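Got the viewer open? Let's take a walk through this one, a selection at a time.

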Amino acid sequence: MEPHRLDRAQARRIAIRAQLLDADRPTDLVGAVRHLTFLQVDPTAAIAPNADLVAWSRLGDGYAPDDLVRALERDRTLIEYNALIRPMEDLSLYRADMAGYPEYPRWHEWLRANDPFRRDVLARLRDAGPLTSRDVPDTSVVPWSSSGWTGDRNVIQMLEFLALRGEVAIVGRRKRERVWDLAERAYPADLAAVPSDEARRVRDERRLRSLGIARAKSRTVPMEPADVGAAGEPAVVDGVAGEWRVDPRLLAQPFDGRTALLSPFDRLIHNRTRALELFDFDYALEMYKPAAKRRWGYFALPILHGDRLVGKLDAAADRKAGVFTVNAIHEDVPFTKQVRHDVDAEVQQLASWLGLEVRR
């Protein structure tokens with residue numbers, strides 16, 4: 001079919017609506033996650049944990065972190081899998097892939113060498129679970145070697161592999177520690193696997209619905225792809241090379257924007273190439289850079305206003321002192337009086353939601 005022709009403003013508005021960041025806010029956490037397809041788990045909490053910050057930016061003050069805990073641990077409508085919080089029913093789209101895990105020979109060899117260790121872990125969970133990793137003895141035969149933080153952390157590595165295989169599941173947290181149990185006790189008994197090809201097609205369709213507009217193919221990224229295959233319909237965006245895929249349900253819809261403060265991991269800007277192509281938005285998470293080399297701050301929050309990404313908020317939450325410190329607001333374009341007013345109001349809303357007092 002002939003590609004849809006979009007200007008960049010149209011493309012941006014499609015992306016913003018798809019990410020539930022327009023003025024028509026959702027009111028239900030689980031419904032919002034079903035639409036977005038996931039919330040990313042990240043331990044950094046310079047402002048708030050990522051999953052909470054993303055939920056708040058959509059739902060506003062009607063969202064409380066306890067809502068997420070309840071959905072994960074009591075209602076079991078959401079599940080944490082591979083560092084992403086997904087609707088429980090979506091696991092059916094990953095079960096076929098779980099059966100074929102692990103995909104890398106080194107991982108497979110480590111699991112094979114440690115099969116007695118694997119059986120020990122499963123037996124301990126069966127008899128005494130749910131448990132944290134520190135409650136599980138390390139009976140590994142071959143230690144896990146890694147240049148990263150998982151080196152020789154054998155119990156955690158085994159639990160994560162078993163979770164990816166669908167043998168164990170994360171069923172909660174004690175403070176920040178994950179709590180594990182057998183998947184057969186955590187997952188619904190009727191959660192059948194969708195065949196791999198069909199599951200991949202459905203995942204692509206749902207990902208496009210949540211992104212609005214995306215590339216058919218892009219570079220591989222950890223955990224969740226940024227591309228959508230053949231989902232949707234072809235589109236071209238004025239001034240941007242190459243073809244896109246667009247969700248046709250979002251074409252020609254009215255748009256009413258708002259101001260929002262976004263997590264650095266927010267899916268609207270997570271694909272930095274797409275953010276540049278559609279929004280002219282240059283961004284990098286600078287928490288791993290030396291302070292002297294940071295342009296925008298340790299954990300700068302992208303600022304959405306209407307259909308543009310207009311700047312970054314350099315701020316930090318000090319819960320002990322009860323203070324939300326605004327170090328700087330970096331303007332990518334000069335703010336009008338109205339933009340400044342709206343951004344200041346959103347900063348105050350975020351601080352109030354955190355129960356903190358703004359300090360500049």
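**Stop one: a hairpin and its neighbour**

Start by picking A317, whose bridge partner in β14 is F324. Keep in mind as you look around that this is a predicted model.

Now widen the selection to β13 (residues 308-318) and β14 (residues 323-331): these two strands pair antiparallel over eight bridges. Four residues sit between the strands of this hairpin, and there G322 takes a positive phi near 75°.

Go back to F324 and look for V358 in β15, which stands opposite F324. Select the rest of β15 (residues 357-359) and you'll see that β14 and β15 pair in the parallel sense, over three bridges. As general background, strands of a sheet pair through backbone hydrogen bonds, either parallel or antiparallel.

**Stop two: an open sheet**

Next, bring up β1, β9, β10 and β8. That's the order of the four strands in an open sheet with mixed pairing. Which strands are at the edges? They are β1 (4-6) and β8 (213-214), each of which pairs on one side only.

Zoom in on the β1 side. β1 and β9 (residues 233-237) run parallel and are joined by three bridges. To see one of the pairs, select L6 together with V237, its bridge partner in β9.

Then add helix α12 (residues 272-279), which lies across β8, β9 and β10 (240-246). Against β10, the helix runs at about 105°.

**Stop three: the second largest pocket**

Keep α12 selected, since the helix also has a part in the lining of the second largest pocket. The space in this pocket comes to about 390 Å³. To centre your view, select R219, V221, P222, H270 and N271, which lie nearest the pocket's centre among its 20 lining residues. Two elements give two or more residues to the lining: α11 (267-270) and α12. Which gives the most? It's α12, with four residues.

Colouring the lining by residue class gives eight nonpolar, five polar and seven charged residues.

**Last stop: a covered helix**

Finish with α3 (residues 50-59). How many of its ten residues are buried? Ten, so to speak the full run, and the helix is mostly covered. Charged names turn up on the buried list too, including D52 and R58, alongside others such as L53, V54 and W56. Step just past the end of α3 and you reach G60, with a positive phi of about 75°.

Notes:
Residues are numbered from 1 along each chain as its sequence is written. This is a predicted model: local features need pLDDT of at least 70, side-chain atom pairs count only at pLDDT 80 or more; totals for chains, interfaces and linings use all residues. Side-chain values use heavy atoms; hydrogens and water are left out. Two strands pair if DSSP finds at least two bridges between them. Contact means heavy atoms within 4.5 Å. Axes are lines fitted to C-alpha atoms, for helices over the stretch in contact, and angles run from 0 to 180 degrees between N-to-C directions. On a 1 Å grid over the protein atoms alone, a cavity is a set of points where a 1.4 Å probe fits but cannot get out, and a pocket is an open set with protein on both sides within 12 Å along at least five of seven lines; lining residues have an atom within 4 Å of a point. Grid points are joined across faces, edges and corners, and a volume is the space filled by probe spheres set on the points. Buried means under 20% relative accessible area, exposed over 50%, partly exposed in between (1.4 Å probe, protein chains only).
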